[in-house]
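Take a look at the model below. We will walk through it step by step, beginning with charged side chains.

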Amino acid sequence: MTTIRSEAELALRLASDEAMRQRMRGLIRAVDEGARSTSQLLDHATVAYRAGQQSFSQIDLGRVTAALAERYRTTADLKDIHILLSCPEEPLLTFGDAVLLEAAIRNLIDNAIKYSPPDTDIHLTLQRQEQIAILTCRDHGRGLDGQSGGMLSGRFQRGTNVEDVIGSGLGLTIVTEAAAVMNGQFSLVPAEGGGALATLVLPLASLQEESA
């Protein structure tokens, strides 16, 4: 897919005919969507595999969240979407699988960008509440269209209002299953004023280590 995208970008730069340029842009978008779907399929397979491995260690949730937010800024900027991050100064340590945690947060951010319109904000907020860490991802996108977050978190389930957007229907499944492996929870509800509010809850390290 990377090779195809590179060739399409080259063809786009060389093309002088506007109709051909539009076709090349469409091809690049299609390749990007295909790459996203392939990535989600691999993420889901990784979750299924690592669920039985229990390769846990202490992870700084703030550091992982900040790194992924920065990684996705370019993708968001292409749609004029702004990622706003709020994290506490103190480290929030969870005891879990770093690969699964990154896959969960990555899919949260990717999902929010994919279904948000241009010139909107995505709010990522990490906070501590007693012995748990709460990460919320609030967007101003299409919302749930009356469907439940639990239904949309099922494998290959997609909303009734996203037919025009290519997707695998696995993004929220990855988040849900990764959270469960690490003794956490995931929920998705309509946000006040429109859009969706995704919440990932994980126990802090001391509590998880005691139950391990």
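Which residue forms a salt bridge with Arg73? The partner is Glu70. The closest N and O atoms of this pair are 3.0 Å apart. Keep in mind that this is a predicted model. Arg73 itself has 26% relative accessibility. That value is not under 20%, the limit for buried, and not over 50%, the limit for exposed. Arg73 therefore counts as partly exposed.

The structure holds three salt bridges. Turn now to Glu102, which pairs with Arg71. Here the closest N and O atoms lie 3.4 Å apart. Glu102 belongs to helix α5, residues 98–114, while Arg71 belongs to helix α3, residues 61–71. The two are 31 residues apart in sequence, so their salt bridge ties together separate parts of the chain.

Glu102 has a second partner. The side chain of Arg106 also meets Glu102 in a salt bridge, at 3.4 Å from N to O. This pair sits within helix α5. Why are Arg106 and Glu102 separated by about one helical turn? They are four residues apart in that helix. The geometry behind this is general: an α-helix has 3.6 residues a turn, so residues three or four places apart point the same way.

Put these pairs together. Arg71, Glu102 and Arg106 are linked in a network of salt bridges. How covered is each member? Arg106 has 14% relative accessibility, so it counts as buried. Glu102, at 27%, counts as partly exposed. Arg71 is partly exposed too, with a relative accessible area of 48%.

Next, find helix α7, which spans residues 171–181. Is this helix largely enclosed or largely open? Eight of its eleven residues are buried, so α7 is largely enclosed by the rest of the structure. Among the buried ones are Gly171, Leu172, Thr173, Ile174 and Val175. Ala178, Ala179 and Val181 are buried as well. After α7 comes Asn183, whose phi is positive, near 60 degrees.

Now step back to the whole chain. Its secondary structure comes to eight helices and seven strands. The chain has 212 residues, and buried residues make up 44% of them. The accessible surface comes to about 11100 Å². Carbon and sulfur atoms account for 53% of that surface. Last, consider contacts between residues at least 6 apart in sequence. Of these, 67% join residues at least 24 apart.

Terms used: Residues numbered from 1 in each chain as written. Predicted model: local features only at pLDDT ≥ 70, side-chain atom pairs only at ≥ 80, totals over all residues. Heavy atoms only, no water. Buried < 20%, exposed > 50% of the residue type's maximum accessible area, 1.4 Å probe, protein only. Salt bridge = Lys/Arg side-chain N within 4 Å of Asp/Glu carboxyl O. Contact = heavy atoms within 4.5 Å. Areas by Shrake-Rupley, 256 points an atom, 1.4 Å probe, with all protein chains shown as cover.
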